[in-house]
Each structure stands twice: as structure tokens, then as C-alpha cells.
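Trainee: Could you take a close look at the salt bridges in this one for me, and then at whatever sits around them? I'd like the details spelled out, pair by pair.

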Amino acid sequence: MEKKGINEIRKAFLDFFESKDHLVRPSFSLIPQDDNSLLLINSGMAPLKPFFSGTKVPPHKRMATSQKCIRTGDIENVGKTSRHATFFEMMGNFSFGDYFKKEAIRWSWEFSREYLQMPEEKIWASVYLEDDEAYDLWKDDIGVPEERIVRLGKEDNFWEIGLGPCGPCSELYYDRGAGFGCDDPDCKPGCDCDRFVEYWNLVFTQFNKDEEGNYTPLPNPNIDTGMGLERVACILQDVDSIFEIDGMKVILDEASHVTGVDYGKDSETDISLRIITDHIRSVTFMISDGILPSNEGRGYVLRRLLRRASRHGKLLGLEKAFLFELMEKVVDKFHQGYPELEEKKEMIKKVILVEEDRFGETIHQGTEILNGMIRDLKAENKTTLSGDQAFRLYDTYGFPLDLTKEILEEEGLTVNEDDFKEQMNIQKERARTARSQSGVEGWKEDPLAILETIPETSFIGYETLQSKSTVKALIEGEAQVKEAPVSVDTPFLVILDKTPFYSESGGQVGDQGILRAGDFIGRVLDTRQGANDVIYHLVQGEKGSIKEGDEVSAIVTSYRRNQTARNHTATHLLHRALRNILGEHVHQAGSLVTPERLRFDFNHFQPVTAEELETIERVVNEQIHNALQVQVLETSMQEAKELGAEALFGEKYGDKVRVIKTGDFSLELCGGTHVHNSSEIGMLLITSESGIASGVRRIEAVTGSGAYHQVLKQKETLKETEALLKTKQDRIPARIKDLMKDMKEQEKTIQQLKKEQQKDKQGDLLANAEKIAETSVVVEVMEGMNMDELRQLGDRLRDSSASAVIVLAAPGEGKVQFMVTLTKDLKDKGLHAGNIAKEAAQITGGGGGGRPDMAQAGGKDPSKLPEAMETVQATIRKALESNS
């Protein structure tokens with residue numbers, strides 16, 4: 001049996017089934033499409049479910065793929081066993097109502113024997129105990145001896161998930177030999193020992209299970225097979241662990257080299273090396289598919305894997321970032337089957353490095369605090385960390401619960417997860433309450449629920465801004481009325497049979513305008529959409545009254561609509577520019593389009609630099625000045641995707657969709673209103689860029705008259721600056737440089753004077769220090785000092801003394817800072833700088849701590865400072881006197 005590498009095996013499999021008239025297509029993304037039941041693709045058939053269920057027509061009745069998959073259900077076993085992994089490739093051949101058992105079995109045998117060159121006597125087959133057809137095919141068609149065909153029950157060899165399509169399986173096993181077996185002379189597939197390795201599962205989907213438990217034959221049965229690439233590689237390369245196959249060993253060897261830890265010499269460090277090896281492979285593939293670190297969903301899975309690998313690097317002694325370089329080994333080994341890895345290598349590297357650096361900032365402090373909690377638990381003979389403590393680690397230091405659990409588990413401890421979840425819910429409720437109180441109360445969730453009959457409405461505002469329409473329903477307060485009189489204080493809802501008013505959706509705000517009917521005049525304050533796509537208008541009456549059945553003139557405020565259209569088309573240009581400049585991983589995460597401004601939220605792993613923002617703004621304005629024609633295409637969802645139109649992930653679209661094409665630059669699905677030509681936008685100015693959540697950035701911008709007013713504002717600011725600096729506009733930068741130079745010189749002078757003052761103060765403090773058993777005790781309040789200055793003074797006092805303990809405090813506006821340091825000889829006398837600082841801080845309503853010889857802390861109540869200083873002085877005196 002020839003040893004084959006993973007790239008050879010994958011290629012051989014796909015080439016083989018291509019020769020059997022299968023459509024071979026690249027692996028689907030790890031992000032499920034149109035499937036909310038999955039967070040990540042976890043099997044070869046998962047992306048093909050619509051073809052099996054009949055909701056979509058497959059591009060070919062025969063298909064073959066090598067599908068990348070992620071599973072994290074057994075993450076705690078990864079690294080501890082030889083076979084668990086979070087990432088794997090599942091090779092599969094599929095038939096959608098075309099061939100069936102005979103071909104599937106025959107081809108699995110042919111590929112195993114002729115292409116993988118497995119010895120005939122090593123291959124065993126299992127079938128469902130009632131599947132005589134599969135049994136006879138193995139026995140008579142293939143010629144496998146009956147002693148190597150095993151019948152197994154429903155638990156092992158029948159595939160079903162609830163109701164619907166299901167069917168028996170046939171599995172292929174490789175016999176590793178008696179040396180891997182048990183003492184049972186009848187050992188065969190189905191035994192729990194390691195002798196027989198299942199490497200290919202053939203699922204024959206031939207029944208439909210109904211609610212009564214009946215199995216009805218399907219008119220067009222399907223074939224779904226799965227063969228794990230890593231498992232087959234283990235067999236062909238004659239190794240016991242997936243970490244020894246060529247695709248994993250090259251990564252593990254590099255991890256060993258980078259950490260300086262030899263593999264195979266220590267079971268604990270081996271676990272860390274295997275975790276790093278597995279996780280960096282998963283992370284690299286996830287990022288290449290556009291997944292970015294975040295605190296929820298698949299982004300959280302990525303962050304968890306990345307941070308887990310980073311922590312195990314630290315356990316092996318690595319303090320610096322290293323995963324961003326290790327990913328290159330993944331790219332080198334796998335780009336042959338996945339060319340997108342090479343194309344996106346720099347972006348993947350950047351995402352990993354940013355996340356490693358971010359984690360590095362929190363893990364040290366969080367681990368130190370958690371270690372303190374662990375010490376306290378053990379001292380109190382407790383085994384469970386409270387959910388409140390775990391939540392504090394998460395909320396204050398960004399320490400994930402999974403990491404807390406893992407570290408506790410290593411110490412034989414647990415965490416109260418129910419308590420933690422309760423704290424999370426309290427925080428979410430607090431945030432929800434804050435949001436509800438932060439502005440004007442919104443419209444009721446479903447104001448149309450009170451209507452006896454929901455009228456049909458249609459939107460005609462793409463073609464016109466005015467119409468003659470009929471009033472179909474009126475709602476005042478919480479009641480449907482036949483007539484709505486003018487009331488200055490109470491707006492009411494109007495539903496028309498057709499309307500030119502755009503209702504709020506897709507981030508674009510609703511139109512405003514006027515309704516007229518006879519002597520009635522009403523201002524439309526907003527337009528929304530309710531259940532069943534019914535459009536309704538919030539109207540403030542100004543004159544007369546309006547009745548159900550009245551004909552009204554509906555007139556949209558054109559200036560407001562046009563300015564909104566400018567901002568909406570500009571949003572599309574901005575989206576495309578972001579993807580061109582930052583990378584194709586950028587996707588819309590939210591938007592707001594108003595007449596005054598636009599706001600665009602998008603996935604990105606770090607702040608956008610000033611240079612990048614400048615380029616983005618320039619690219620958008622170039623497209624505006626190129627006077628691109630804006631076309632509206634109405635087509636099917638499938639055709640829109642084939643055109644390459646951008647769709648919002650998770651958004652529901654109908655059979656017919658609207659595509660906005662701006663020249664050859666931008667192509668997006670959108671139901672909003674737009675300009676006819678990009679030149680109508682005028683110009684775009686980016687006003688801000690910020691982070692609004694982990695992995696989500698926000699850009700705000702203005703266009704048209706909004707951009708013009710922004711320029712006027714900037715000109716006014718420049719005029720004021722000229723006056724304040726007493727210079728001309730072109731001299732402002734030079735003038736500021738001169739002023740900054742003067743300030744630096746003055747700062748130097750001030751610092752020099754401070755040092756001289758501190759020297760005098762230092763001498764005074766030591767001269768007036770309390771002496772206890774040859775130890776100088778300095779406990780002093782230092783007005784007007786910051787923490788750096790406290791630390792410098794404390795260091796000088798300590799270094800000037802043979803034996804001293806120094807406690808310095810600096811009060812400020814609503815806070816107080818403490819710095820404690822002591823000479824080394826005092827550590828054996830019961831004094832601990834961290835404990836002294838903690839005691840002082842707690843009295844003043846704060847916290848902190850540190851090393852035995854140096855610590856700092858903070859409090860919130862300066863009024864308690866005298867009490868704090870008296871208390872710590874008494875503590876120090878007691879400790880020193882008891883040791884004298």
C-alpha cells in the first residue's frame with residue numbers, strides 16, 4: 001500500500017469521481033448559506049441539504065466534493081486524544097435521484113482497491129441488519145467473503161434525524177491487525193477496540209419516515225457518502241494519530257520549533273502542542289472564509305479557538321505573538337487544494353496578529369486575578385468558583401468563561417455556570433432598559449393588530465412622488481376609526497391603497513410629506529411597514545378632518561427624498577470601496593440612511609487607519625465624479641447571485657429581487673431609493689470612524705448639501721483657529737509646531753523643578769520617618785502627584801534606605817491612588833506590599849494589589865483617606881514590632 005499525502009488523496013478522490021461523470025466543485029464556505037440551523041458547516045452533505053430536500057435543483061445529478069468542516073462539540077478532548085480535531089475534511093460523492101446502491105458500493109470498492117491500493121483482505125464492510133440488497137451486492141457483485149461482511153443494528157447503520165428522508169448505511173472498515181485488537185476471538189467491526197477503523201460511510205436515503213413511524217420508499221432515492229480525509233491519511237501513512245499525518249505534522253513540527261519544546265518528551269506539553277496545531281488550522285480556514293473574531297456566533301467560536309491556542313503557547317513559555325507566523329505552514333500545506341488561502345494570506349495573518357495582541361493585553365492581568373481566586377478557593381477548601389467572580393473576570397478583563405473553565409479544570413475546580421448566566425442576563429436587561437430610556441418611545445410593535453381586516457397596499461414611489469390614493473383605514477390611539485379630526489397633540493395612522501411614500505426598511509428612513517383631501521391637510525411625519533407588508537403613515541392633522549374612503553393627494557417631500565437617495569447610493573459605493581481596500585472579508589453589519597447623513601457598520605478586525613480612510617473617501621468620490629449610471633434590475637435571487645450581487649447575510653429575500661447596479665463598480669440587492677447617476681451625489685465626506693462592538697466598525701459620512709455644510713463648518717473652524725493663533729491659514733501647522741516646541745521646553749523646566757522639590761521632599765520624608773526596629777516607615781499623602789510620580793518617589797526612598805516600608809497616597813477628583821514599596825529584608829517579617837495596598841484601597845472603596853515588594857491600588861472615596869493611612873500604619877507597626 002503506497003503512502004500518499006493529503007493533497008494526493010484529495011485529488012485522487014475528486015479525479016476518480018469526475019471520471020464517473022460527477023460534477024466536482026470546490027469546498028463550500030464554512031459559513032452556511034440559507035441555513036439557520038447551523039452555525040458552521042460540520043459535514044460534507046450539510047451545504048447540499050437543499051438539493052436532497054428538493055427545495056433547490058442541483059447543478060448536476062451527480063456531485064463530489066472535499067468539504068472543509070468545523071466541529072467544536074468535543075473541543076475539550078482536542079489535544080488529549082489522537083483522533084479529535086476541530087477542523088477536518090470530508091470527501092463525499094452524492095447522487096440526487098440518479099445512481100443508487102450498486103454504483104455507490106462498486107465505486108467505493110474500486111477507489112479503495114485501485115487508487116488507495118488497500119489490500120483486499122484488509123477491507124471489511126458493514127450493512128444494516130435488514131438490508132439484504134447491500135449485503136448481496138458486497139457478497140455477489142464485489143466478492144467480499146461473508147465473514148468480512150457484518151450486519152449491524154439501527155444505532156450503527158441507519159441514518160435518520162426525526163421525520164423525513166432516511167435510510168440504511170453501509171460502512172467500510174480497514175483492519176489494522178490483531179495487534180490493535182482485543183481478546184475476543186470474534187472481534188470484528190462494531191467492537192469498541194482499535195483494530196477496525198471505519199473510513200467510509202455510504203448512506204442510502206431510500207425511505208421517508210412519517211409521524212406514525214412508517215417508512216415509505218422514496219420515488220427517487222439518494223446517495224450521500226462521507227470519507228474523512230485525515231482518517232484515510234492515517235491508514236495510508238501507517239500512523240496512529242492524525243497529528244502524525246503529513247498535513248498536521250508539518251504544523252506541529254513548526255509549533256515545536258517556535259516554542260522550543262520537543263514533541264514526545266512530556267505528555268502535558270504534547271497536549272499544548274497538539275491544541276496549537278489543530279486550532280491554528282481551524283482558525284486559518286475560518287478567517288479565509290470571512291469569519292472574524294467577535295463575542296457571538298461563529299466569530300466567538302473563532303475567538304475561542306484562537307485564544308485557546310494563544311494561551312497554550314504561553315503555557316509553553318511564549319510571551320510574544322506567534323500564531324500569525326505559524327499560519328503560514330497551514331497555507332503552505334493546504335493552498336494546493338484551497339488556493340484562496342494563498343490569496344488571503346496577508347489578511348489572515350493580520351487578523352490573527354491583531355487578536356493575539358488584543359488577547360495578550362488581557363490574559364496576563366486576568367490570569368493573575370484568577371490565580372488569586374484559585375488560591376482563595378483552595379485555602380477555604382472550596383471547589384467551585386462563583387458565577388459572580390467569573391462574570392467579573394469576563395466583564396472587566398475580557399476573560400472568556402471557556403478559558404476560566406479550562407484553567408479551573410486543570411486545578412481540579414469548577415465554576416457555577418448558572419450563576420454566570422444569571423449575571424449575563426442581568427447585564428443584558430440593564431442594557432435593554434437603558435436603550436428603552438435613551439430616547440423617544442418608538443412606535444408600537446404591531447399597531448395594525450387592532451384592524452378587523454388588513455387592507456392591501458402597494459408602493460409606487462419608485463416611479464413617482466405624488467399620487468391620488470384612497471384611504472383604506474384610520475387608526476387613532478388604539479382604535480380603528482372612520483374619521484380622524486385634527487388634533488394638535490395626537491398624530492394618527494393612515495393606510496392608503498397605494499402610496500408614493502417609502503416606508504422605513506433596509507436602514508433607510510421613511511418618507512415625509514403632505515396628505516390633502518378636500519379641506520383636510522395633514523403632515524406625514526413618518527412612514528413604516530407592518531405585517532403583510534402593509535404601509536402606514538404617521539400623520540399630524542393641520543386642518544379639517546379625513547374619513548375612510550376619502551380620495552387624497554399624497555405628496556412626498558422631494559428635497560428630503562432626493563437627499564436620502566444620494567446618501568443611499570453613496571452607501572453602496574462606500575461598501576464596495578471598503579471591500580476593495582480593506583479586503584473581501586468586509587460585509588455590511590448594519591446601516592442608517594437619512595436625508596442628513598449615512599451610517600455604515602461593517603465587519604473588520606481593527607480600526608481603519610487614517611491613510612485607509614483617505615483612500616476610501618478618494619475612491620468613492622472618484623466614482624461619484626465618473627458619473628456612473630445607476631440601473632435598477634428586477635430578477636430572480638439565483639440570477640442576482642450569478643451576477644455577483646452583494647446580499648446581506650441572514651436577510652430574507654423573495655423570489656423576485658431588486659438589484660442596484662452602479663456602473664461596473666457596485667452591484668447590490670436593495671429595495672431602497674437611489675439617484676439615477678452617481679454624479680447627483682455631489683461629493684462624500686467621511687466624518688467619523690469608530691468601533692461599536694468586537695469586530696464591528698462604523699463609518700459616518702455626509703453627501704450633497706450635507707457635505708457642503710460640513711465644508712462650511714470646517715472653513716469657519718479654520719477662521720477661528722487663524723484668529724486664535726494670530727496667523728494665516730497656510731501657516732497654522734508651523735505655528736502649532738512652534739507652540740508645541742515652547743510647551744515642551746516649559747515642561748522640561750517644570751519637571752526639573754519638580755525633581756528638585758522631590759529631592760528636598762525625599763530628605764524630609766526620611767528624616768521625619770517613624771523608626772521601628774531599625775526600619776523606616778513612611779506613610780504620607782502627596783498632594784498633586786500622579787501615579788508615575790508616586791512610583792518614582794517611592795523607588796528613590798526605598799533605594800536610599802537599608803530597611804524601609806513606604807506607603808504614598810495621592811488624592812484626586814473623586815479618587816485616590818496608593819503606591820506601596822518595601823525593601824527586600826521585610827518580606828520575611830510578614831509584610832506584603834500587595835496586601836497593604838489592597839487594605840488601603842478597600843477602605844476607600846476601591847481595589848488593587850501586586851507583588852510582595854511593590855504594589856499600587858486605587859480608591860473612590862478621598863474622604864476616607866486619613867482612615868486608610870492610619871489603618872495601614874497600624875498594620876505595619878504591628879508586623880514590625882512582632883518581629884523585633
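Mentor: Sure, let's start with the term itself: a salt bridge here is a side-chain nitrogen of Lys or Arg within 4 Å of a carboxyl oxygen of Asp or Glu. Keep in mind that this is a predicted model. In general, side chains of opposite charge can pair when their charged atoms come close.

Now take Glu 584 and Arg 576: their closest N and O atoms are 2.5 Å apart, so the pair passes the 4 Å cut-off and forms a salt bridge. The two partners fall into separate burial classes. Arg 576 has a relative accessible area of 16%, so it is buried, since buried means under 20%. Glu 584 comes in at 41% relative accessibility, so it counts as partly exposed. Elsewhere, salt bridges that share partners link Arg 303, Arg 307, Glu 355 and Arg 358 into one network.

By that same rule, the model has 52 salt bridges. One of them joins the side chains of Arg 10 and Glu 89, at 2.8 Å from N to O. Arg 10 belongs to helix 1 (residues 6-18) and Glu 89 to strand 3 (residues 87-95), so this pair ties together parts that are 79 residues apart in sequence. Both Arg 10 and Glu 89 are buried.

For another pair, look at Glu 160 and Lys 154, whose side chains meet in a salt bridge at 3.6 Å, N to O. Here Glu 160 is partly exposed, at 27% relative accessibility, and Lys 154 is partly exposed too, with a relative accessible area of 37%.

Back to Arg 576, and what surrounds its helix. Helix 16 covers residues 558-582, and this helix lies across strand 25, strand 26 and strand 27, running at about 115 degrees to strand 27. Those strands make up an open sheet of 3 strands in the order 25-26-27, with antiparallel pairing. At its edges are strand 25 (630-636) and strand 27 (666-669), each of which pairs on one side only. On average, neighbouring strands of the sheet are turned by 25 degrees against each other, direction ignored.

If you want to zoom in on one pairing, strand 26 (residues 656-662) and strand 27 run antiparallel and share 4 bridges. Within that pairing, Val 659 stands opposite Leu 669 of strand 27.

Notes. Residues are numbered from 1 along each chain as its sequence is written. This is a predicted model: local features need pLDDT of at least 70, side-chain atom pairs count only at pLDDT 80 or more; totals for chains, interfaces and linings use all residues. Side-chain values use heavy atoms; hydrogens and water are left out. Helices (H or I, at least four residues) and strands (E, at least two) are DSSP runs, numbered from the N terminus. Buried means under 20% relative accessible area, exposed over 50%, partly exposed in between (1.4 Å probe, protein chains only). Two strands pair if DSSP finds at least two bridges between them. Axes are lines fitted to C-alpha atoms, for helices over the stretch in contact, and angles run from 0 to 180 degrees between N-to-C directions. Contact means heavy atoms within 4.5 Å.
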